[in-house]
Amino acid sequence: MGRPRVDAGWLALARQRADSTTEHFGVSMRRRASDSPAGCRLGMSVPKRLIPGAVDRNLLKRVAREAWRLADWPADARPERAMIRLRRRSDGWREMPRGALKRLWRTALELLVRRARARSLA
């Protein structure tokens with residue numbers, strides 16, 4: 001059966017240096033071509049070595065999708081593809097309750113999206 005093929009666009013984003021970063025997260029974006037449709041595809045990379053529990057990895061992905069969805073992007077500045085990566089974790093995350101962890105991630109991801117939006121407008 002083998003592994004499914006990965007789109008070359010996602011591989012390029014995975015290798016690309018982050019366009020915008022915060023303490024724990026980074027985002028790489030591919031700009032929209034003038035003739036491409038208006039949608040944006042979002043990919044995420046949350047390594048198992050940084051967040052071993054699947055429940056917490058999935059929670060982080062849900063929080064990131066929601067932060068991205070609620071961002072106020074101008075139609076012409078929204079990237080065609082974006083990949084959010086967890087770059088490092090804090091040691092205090094293991095002891096934090098999930099509610100507090102979710103709020104912390106949401107704040108950091110909203111900052112990341114604001115920086116990415118500002119960078120795409122510049």
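Guide: Two strands count as paired if DSSP finds at least two bridges between them. The model discussed here is a predicted one, and the pairing of its strands is where we can start.

Visitor: In what order do the four strands of the open sheet stand?
Guide: The sheet is open and its pairing is mixed. Strand β2, residues 25–30, pairs with β4 in the antiparallel sense over six bridges, whereas strand β3, residues 41–45, runs parallel to β4 and is joined to it by five bridges. On the other side of the order, β1 and β2 run antiparallel and are joined by two bridges. Read across the sheet, the order is β1-β2-β4-β3.

Visitor: Which strands stand at the edges, each with a single partner strand?
Guide: In the order β1-β2-β4-β3 of this open sheet, the edge strands each have a single partner, so one side of each is left without a neighbour in the sheet. The strands in that position are β1, residues 20–21, and β3.

Visitor: Through how many residues does a hairpin join β1 to β2?
Guide: The two strands run antiparallel, with two bridges between them, and in one of these pairings Ser20 has Val27 of β2 as its bridge partner. The hairpin that leads from β1 into β2 does so through three residues.

Visitor: Which residue of β4 is the bridge partner of Met44?
Guide: Since β3 and β4 run parallel and share five bridges, one can follow the partners along both strands in step. Leu42 stands opposite Ala82, and Gly43 stands opposite Met83. For Met44, the partner in β4 is Ile84.

Visitor: What is the hand of the β-α-β unit made by β3, helix α2 and β4?
Guide: Strands β3 and β4 are parallel, and the helix that goes with them in this unit is α2, residues 54–70. The β-α-β unit that these three elements make is left-handed.

Visitor: How many of the six residues of β4 are buried?
Guide: In a regular strand the side chains alternate between the two faces of the sheet. In β4, residues 81–86, Arg81, Met83 and Arg85 point one way while Ala82, Ile84 and Leu86 point the other way, and residues on both sides are buried. The neighbouring strand β2 is also mostly covered, with five of its six residues buried. For β4 the number is six of six.

Visitor: Why does Arg81 count as buried?
Guide: Arg81 lies in strand β4, and apart from residues up to four places away in sequence it touches Asp7, Gly9, Trp10, Leu13, Ser28, Met29, Arg30 and Arg41. Burial is assigned under 20% relative accessible area. Arg81 is buried because its relative accessible area is 10%.

Visitor: Which residue of β4 stands opposite Phe25?
Guide: Phe25 is in strand β2, which pairs with β4 in the antiparallel sense. Phe25 counts as buried, at 2% relative accessibility, and its contacts beyond four places in sequence include Leu60, Ile84, Trp105 and Leu109. The residue that stands opposite Phe25 in β4 is Leu86.

Visitor: What separation is there between the C-alpha atoms of Phe25 and Ser90?
Guide: Phe25 belongs to strand β2, and Ser90 lies 65 residues apart from it along the chain. In space, their C-alpha atoms are separated by 11 Å.

Visitor: Which strand supplies the largest share of the lining of the largest cavity?
Guide: The structure holds one cavity of 30 Å³ or more, and about 40 Å³ of space lies in the largest cavity. Among its lining residues are Phe25, Met44, Leu60, Ile84 and Leu109, and by class the lining has eight nonpolar, one polar and one charged residues. While β3, α2 and β4 each supply at least two residues, the largest share, three residues, comes from β4.

Visitor: Which helix gives the largest share of the lining of the largest pocket?
Guide: This pocket has a volume of about 190 Å³, and its lining includes Leu50, Pro52, Asp56, Arg89, Trp93, Arg98, Leu101 and Trp105. By class, the lining has seven nonpolar, one polar and four charged residues. The largest share, three residues, comes from the helix that spans residues 98–121, namely α3.

Note on methods. Residues numbered from 1 in each chain as written. Predicted model: local features only at pLDDT ≥ 70, side-chain atom pairs only at ≥ 80, totals over all residues. Heavy atoms only, no water. Buried < 20%, exposed > 50% of the residue type's maximum accessible area, 1.4 Å probe, protein only. Right-handed = clockwise from strand over helix to strand, strands pointing away. Contact = heavy atoms within 4.5 Å. 1 Å grid on protein atoms, 1.4 Å probe; cavity = no way out; pocket = protein on both sides within 12 Å on 5 of 7 lines; lining within 4 Å. Points joined across faces, edges and corners; volume = space filled by probe spheres on them. Nonpolar A, V, L, I, M, F, W, Y, C, P; charged D, E, K, R; others polar.
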